[in-house]
Amino acid sequence: GLTAETKRTVAGRFAGLRLGSGRPMIIAGPCSVESEEQIVAAARAVKAAGATALRGGAFKPRTSPRSFQGLGEEGLRLLAVARAETGLPVVTEVMDTAQIDLVAEYADVLQVGSRNMQNFALLKQVGRAGKPVLLKRGLSATLEEWLAAAEYILESGNDQVILCERGIRTFETSTRNTLDLSTAILARTRSGLPVIVDPSHAAGRRDLIEPLSLAALAAGMDGLMIEVHPDPDRALSDAAQQLNFEQFSRLMARLELLPASA
Ligand code: PEP
Ligand code: MN
């Protein structure tokens with residue numbers, strides 16, 4: 001068997017994600033892809049601030065059917081344009097087995113969202129697309145349930161799995177979810193897989209992104225996923241938690257990840 005560290009390194013080398021290199025993976029970008037101008041501007045800004053991958057939802061899992069559902073395939077195409085402009089690998093969500101081949105044509109990493117962590121049909125098939133899979137923890141999933149979900153992907157013959165803690169449901173209402181760093185740490189030790197933290201969806205408010213990011217990296221997490229938008233207050237989804245470019249750049253400086261030239 002592989003040692004935990006080896007597994008993390010192997011997972012990262014694949015697709016040039018640079019995990020295990022000693023430098024955290026920073027996946028940044030808007031909640032949703034909204035236009036070419038928006039995603040290309042975001043990609044340029046997060047790259048300049050030191051991000052290592054671009055995020056952006058094209059197929060969005062929205063609580064209400066009346067909320068913006070994402071641009072679909074057009075959003076995927078725009079993500080590919082942003083990648084071509086910046087060289088950043090693209091992470092985007094796949095919500096359904098029927099979308100796997102399409103999303104895999106454009107994405108470098110396939111994201112399985114919180115609401116789909118126990119979509120077993122999706123878990124069985126998503127690993128077969130030949131791309132790394134980023135598996136978010138379910139809204140109310142235990143450590144055991146999260147790791148069991150990851151095993152579905154590993155068992156399909158894909159060892160390129162990245163786990164992402166994004167906050168869980170608790171009684172607390174002052175934050176959108178509660179960041180569960182304890183379980184993220186345990187998930188990393190237990191699985192030997194890289195584990196990243198998403199403070200944006202955990203907190204649901206931008207004033208907590210910096211302290212939660214500092215805490216996650218201090219705890220040895222392998223990276224972060226941060227929502228960044230050119231004009232957060234006008235975002236079509238998750239307006240309250242997205243950082244603008246200047247705020248993201250300041251965050252990267254506080255994390256000591258800002259490139260020397262920026
Ligand atoms: C996302 O990252 O776009 C997202 C919808 O997050 P989650 O699945 O964690 O809610
Ligand atoms: Mn979001």
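1. **What buried means here.** A residue is buried if 20 or more other C-beta atoms lie within 10 Å of its own, exposed if 12 or fewer, and partly exposed in between. Keep these cut-offs in mind for the helices below, and note that this is a predicted model.

2. **Helix α10.** Helix α10 takes in residues 245–254. F248, L251 and M252 are its buried residues. They cover an arc of only 95° around the axis, so they sit on the same side of α10. The cover over these buried residues includes β1 (25–29), α2, α9 (209–218) and β8 (223–227).

3. **F248 in the core.** The largest nonpolar core holds 70 residues. F248 is among those that touch the most other members, along with V46, L135, L163, I196 and I226. Leaving out residues up to four places away in sequence, F248 touches A28, A45, V46, A49, I226, V228 and L243.

4. **V46, a partner of F248.** V46 belongs to helix α2, residues 36–48. It has 29 C-beta neighbours inside 10 Å. The cut-off for buried is 20 or more, so V46 counts as buried. Beyond its neighbours within four places in sequence, V46 contacts A28, G29, A51, L54, V228 and F248. A121 is far along the chain from V46, at 75 residues, and the two C-alpha atoms are 34 Å apart in space.

5. **Positive phi at E256.** Which residue just after α10 takes a positive phi? E256 does, at about 60°. Most residues other than glycine have a negative phi. E256 is a residue other than glycine, and it lies in the segment after α10. With 8 C-beta neighbours inside 10 Å, E256 counts as exposed.

6. **Positive phi at D238.** D238 is a residue other than glycine with a positive phi, near 50°. Its place is the loop between β8 and α10. Is D238 exposed or partly exposed? It has 19 C-beta neighbours inside 10 Å, so D238 counts as partly exposed. The cut-off for buried is 20 or more.

7. **Helix α3.** The 14 residues of α3 should span 20 Å at 1.5 Å a residue. The end C-alpha atoms are 20 Å apart, which agrees. G75, L76, L78, L79, A82 and R83 are buried in α3. These cover an arc of only 160° around the axis, so they lie on the same side of α3. Charged R83 is on the buried list with the others. Packing against the buried residues of α3 are α2, β2, β3 (90–93) and α4 (100–106). After α3 comes G87, with a positive phi near 80°.

8. **The loop before α3.** S64 lies in the loop between β2 (53–55) and α3 (73–86). With 7 C-beta neighbours inside 10 Å, S64 counts as exposed. S64 and L88 are 24 residues apart along the chain, and their C-alpha atoms are separated by 31 Å.

9. **Helix α6.** Helix α6 covers residues 143–155, 13 in number. It reaches 18 Å from its first C-alpha to its last, close to the 18 Å expected at 1.5 Å a residue. Which residues of α6 are buried? They are W146, A149, A150, Y152 and I153. Seen down the axis, they fall within an arc of 145°, so they line one face of the helix. E144 and E155 are exposed on the other side of α6. Cover for the buried residues of α6 includes α5 (120–126), β5 (133–136), β6 (161–165) and α7 (181–191). G157 follows α6 and has a positive phi, near 100°.

10. **A148 in α6.** A148 is also found in α6. It has 15 C-beta neighbours inside 10 Å, so A148 counts as partly exposed. A148 and L193 are 45 residues apart in sequence, and 13 Å apart in space from C-alpha to C-alpha.

11. **Ligand 1.** Which residues are around ligand 1? They are C31, G57, P61, E93, G113, S114, K136, R166 and H201. By class, the shell has two nonpolar, four polar and three charged residues.

Note on methods:
Residues numbered from 1 in each chain as written. Chains lettered and ligands numbered in written order. Predicted model: local features only at pLDDT ≥ 70, side-chain atom pairs only at ≥ 80, totals over all residues. Helix = DSSP H or I, 4+ residues; strand = E, 2+ residues; numbered from the N terminus. Expected span 1.5 Å × (residues − 1). Arc of directions from axis to C-beta. Contact = placed C-beta atoms within 7 Å. Near = placed C-beta within 6 Å. Core = buried A, V, L, I, M, F, W, Y, C linked by C-beta atoms within 7 Å.
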